[in-house]
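Visitor: I am in my first year and would like a close look at a single part of this model, namely the contacts between its side chains. Could you take me through them slowly, with the reasoning spelled out?

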Amino acid sequence: MTARVMQQVFQQHIEAALGYGLPRITSDDIANFLNEAQREMFDTRFNRYEVDQKITDDLSPFVTKQTVINAEYTTPTYDAVAAGYYVDVAPFPATYRHLLDSRIQVFVANSGNFDFEIVAVPPDHREPNSATPYTDYTTQSAKPRLAQHDDINTLMSDPFHKSLSTEPLVTISQTGLDVYTDLTFITDKVVIDYLANPTEIDITQGTDSIFPAFLHRELVELAVSKYLRFATNNINTVTE
């Protein structure tokens, strides 16, 4: 269903219940209830994502692939300086909900430590020193190794478990992916596949739900039940 058709079906259900004294509502109110229902459907399914194949299929329209994020430089902490590592951050997109896969694109020194410079064009990032010949470094893409933040100092101090250009250590925060490097390589870009939050339904702008069409009736019925419950409990506060 389009957003407009969802509105019409919603209104049909409400009109059938108006005999009980429930007030009429605006299209904006309907959109709010549709979006509340959509969020609940998404959250309920997300809790079983990658466990139940049907649920995974239901959320397939929300999968966003091959999103390229430029790595941002962060000032090293005291612990990072002592352990000889740096942290580059790849901020998640505004629509991000859950990481599915990632690849790290890095610059690697062909020998010794990497000669880099900080480019102070917001956001700050690291690049090969402009005076460094291209033959002194190579670029490559690597699958990262996920670590817990509390373990980073220990791991980076261990030559057998520290971050490598072939397997960079990463941690995940609510806002982005942190990539840990030693002095032999730097982070260029991070490429991610992720599950996106639902885009809000907008009846006026014609923004439809991207849930599969076979779930649209369930969405509308859930929105209607939410409205009826709300209106029944708050009939004196709902305006015409």
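**Charged and aromatic side chains**

Guide: Counting pairs of oppositely charged side chains gives 13 salt bridges, and please keep in mind throughout that this is a predicted model. Let us begin with Arg45 and Glu218, which form one of these salt bridges, with 3.3 Å between the closest N and O atoms. Arg45 lies in helix 2 and Glu218 in helix 6 (residues 216–233), so this pair ties together parts that are 173 residues apart in sequence. The two partners also differ in their surroundings, for Arg45 is buried, with a relative accessible area of 9%, whereas Glu218 is partly exposed at 36% relative accessibility. Arg45 falls in the buried class because its value is under 20%.

A second salt bridge joins the side chains of Asp58 and Lys54, again with 3.3 Å from N to O. Here the partners belong to one helix: Asp58 and Lys54 are 4 residues apart in helix 3 (residues 53–58), which means that about one helical turn separates them. Asp58 is buried, with a relative accessible area of 2%, while Lys54, at 49% relative accessibility, counts as partly exposed. Lys54 does not count as exposed, because that class requires a value over 50%.

A third salt bridge is found where the side chains of Arg145 and Glu167 meet, at 3.1 Å from N to O. This pair links distant parts of the chain, since Arg145 is in strand 8 (residues 145–146) and Glu167 is in the loop between helix 5 (152–156) and strand 9 (169–172), 22 residues apart. Both residues are partly exposed, with a relative accessible area of 22% for Arg145 and 34% for Glu167. If we now return to the earlier pairs, Arg45, Lys54, Asp58 and Glu218 turn out to be joined into one network by salt bridges that share partners.

From charges we can pass to rings, for the structure also holds 12 aromatic pairs. Among them is the pair of Phe42 and Phe46, which is stacked, with 6.4 Å from centre to centre and 5° between the planes. The label fits because planes under 30 degrees apart count as stacked. Phe42 and Phe46 are 4 residues apart in helix 2 (residues 27–46), so about one helical turn lies between them, and Phe42 is buried, with a relative accessible area of 1%.

Another aromatic pair, that of Phe114 and Tyr137, is tilted: the centres are 5.8 Å apart and the planes make an angle of 50°. Phe114 lies in the loop between strand 4 (96–109) and strand 5 (116–119), and Tyr137 lies in strand 7 (residues 137–142), so the pair ties together parts that are 23 residues apart in sequence. Phe114 and Tyr137 are both buried. Elsewhere, Phe10, Phe33, Tyr227 and Phe230 form one aromatic cluster.

Finally, charges and rings come together in two further contacts. Arg97 lies over the face of Phe46, at 4.6 Å from the ring centre, and Phe46 is also the stacked partner of Phe42. In a similar way, Arg126 lies over the face of Phe116, at 4.7 Å from the ring centre.

Terms used
Residues are numbered from 1 along each chain as its sequence is written. This is a predicted model: local features need pLDDT of at least 70, side-chain atom pairs count only at pLDDT 80 or more; totals for chains, interfaces and linings use all residues. Side-chain values use heavy atoms; hydrogens and water are left out. Rings of Phe, Tyr and Trp (its six-membered ring) pair if their centres lie within 6.5 Å; planes under 30 degrees apart count as stacked, over 60 as edge-to-face and the rest as tilted. Helices (H or I, at least four residues) and strands (E, at least two) are DSSP runs, numbered from the N terminus. Buried means under 20% relative accessible area, exposed over 50%, partly exposed in between (1.4 Å probe, protein chains only). A charge sits over a ring if NZ of Lys or CZ of Arg is within 6 Å of the ring centre and within 35 degrees of the ring normal. A salt bridge is a side-chain nitrogen of Lys or Arg within 4 Å of a carboxyl oxygen of Asp or Glu.
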